[in-house]
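Q: Please take one close look at the ligand site of this model, going from single atom contacts out to the wider surroundings. Please then carry the same reading on to the aromatic rings.

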Amino acid sequence: MLPPLIRGEHRSCFGVTEPDAGLDTTHISTFARRREDGGYVVNGRKVWTSTAQRADHILLVTRTTPIEDCERPTDGMSVFYTDFDRSKIDVHEIANMGRKAVDSNAIFIDGLEVPEEDRIGAEGEGFKVLLHGLNAERIIVAAAAVGFGMYVLEKAAAYARERVVFGRPIGQNQAIQHPLASVWMRLQAAELITYKAATLYDQGKPCGLEANTARNLAGSAAYEAAFRAVRTHGGFGFAQEYHVERYFRESVLNFIAPVSEELILSYVAEKALGMPKSY
Ligand SMILES: Cc1cc2nc3c(=O)[nH]c(=O)nc-3n(C[C@H](O)[C@H](O)[C@H](O)COP(=O)(O)OP(=O)(O)OC[C@H]3O[C@@H](n4cnc5c(N)ncnc54)[C@H](O)[C@@H]3O)c2cc1C
């Protein structure tokens, strides 16, 4: 599955989120029914599936046993990597506030046939398969947020150095300097915990806390960098010409996907501080 993806021959999308389950992934209802002559037939719907307009494959998370028949909610799920058969999947683009280079979609799956060999891992063990990839994703999006934050911060600093008001650069005012300096420090810290998470991941060690912390610190610092870039640009921060309004819109996603800030905080409270699970 991987070599054609890496060579760029396959374009894949990832279908986990469903409209009626949200972050509560074990409550998805997309179902892969086993056929007597082998393989599966999938019915269901997904939402926010990125790049489904152009994908030719999908990494698809389904139930293969209804949750009511499972001992634990995490049982009875399966993961497939299979052809994105457009005769069986309807794709509707969702208009949204950013990411114009990446389409977001609601998809409706009706009778998608999936051969047995397209299943990843054992049937019913899909939740474990899914978890295996999530920390890596958190680390990658944290690293992206650090880069985004540093880029936007430099744009703000450059404007602050050049824009002259009251006879001096606005960047000479501490009210402009301090928030930008504070974001710089937050981004440095976020970068370090991102590297720590990546190192643990590469060593095959547990890294859930570090990966989630990195994702949250980097994402919130990136958001602050973009917000401060808009503020530093004053009226022009609101104009499309300087792009900072766009970066600000893009940065909001850091609190939402691939996992929300609320869920990260709940996870850290539970795993780092030993408090009761709240979700
Ligand atoms: C641009 C974009 C691209 C995406 N790409 C993909 C993709 O390619 N594939 C895919 O499968 N998904 C994708 N997603 C989905 C994304 O992962 C989800 O939107 C995200 O996980 C949040 O789920 P939800 O939108 O259903 O929110 P909900 O689960 O409905 O939550 C709504 C709000 O309630 C809060 N909340 C819910 N439960 C609790 C609780 N117990 N405690 C505290 N707060 C709670 C959440 O934190 C959130 O703020 C994408 C989303 C976006 C916006």
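**The ligand site and the aromatic pairs**

A: In this predicted model, a side-chain N or O atom of Thr17 lies 2.7 Å from a nitrogen atom of the ligand. A distance of 2.7 Å also separates a nitrogen atom of the ligand from a polar backbone atom of Phe14, while an oxygen atom of the ligand is 3.4 Å from a backbone N or O atom of Pro258. On its own the ligand has 970 Å² of accessible area, of which the protein covers 66%.

Widening the view from these contacts, the ligand is surrounded by 19 residues, and the closest are Phe14, Thr17, Trp48, Ser260 and Glu262. By residue class, this shell divides into ten nonpolar, seven polar and two charged residues. Two of the elements that contribute to the shell are strand E1 (12-15) and helix H7 (261-271), each of which supplies at least two of its residues. At the level of domains, the shell takes residues both from domain 1 (2-122) and from domain 2 (129-271), and the ligand therefore lies between them.

The aromatic rings can be read in the same way, since a pair of rings is described by the distance of the centres and the angle of the planes. The count of aromatic pairs comes to eight. One of them is formed by Phe148 and Tyr247, whose ring centres are 5.9 Å apart and whose planes stand at 85°, which is over the 60 degrees required, so that the pair is edge-to-face. This pair links distant parts of the chain, as Phe148 belongs to helix H2 (residues 126-162) and Tyr247 to helix H6 (residues 244-251), 99 residues apart. Phe148 is partly exposed, at 21% relative accessible area, whereas Tyr247, at 12%, counts as buried because the limit for that class is under 20%.

A second pair, Phe227 and Phe248, has its ring centres 5.9 Å apart and an angle of 40° between the planes, and is classed as tilted. Phe227 sits in helix H4 (residues 208-232) and Phe248 in helix H6, so this pair ties together parts of the chain that are 21 residues apart in sequence. Phe227 is partly exposed, with a relative accessible area of 28%, and Phe248, with 26%, also counts as partly exposed. Together with Tyr223 and Phe255, Phe227 and Phe248 form one aromatic cluster.

Methods: Residues numbered from 1 in each chain as written. Predicted model: local features only at pLDDT ≥ 70, side-chain atom pairs only at ≥ 80, totals over all residues. Heavy atoms only, no water. Near = heavy atom within 4 Å. Polar contact = N/O pair within 3.5 Å; in protein donor to acceptor, adjacent residues only side chain to side chain. Areas by Shrake-Rupley, 256 points an atom, 1.4 Å probe, with all protein chains shown as cover. Helix = DSSP H or I, 4+ residues; strand = E, 2+ residues; numbered from the N terminus. Nonpolar A, V, L, I, M, F, W, Y, C, P; charged D, E, K, R; others polar. Domains from an automatic or database assignment. Phe/Tyr/Trp six-rings, centres within 6.5 Å; stacked < 30°, edge-to-face > 60°. Buried < 20%, exposed > 50% of the residue type's maximum accessible area, 1.4 Å probe, protein only.
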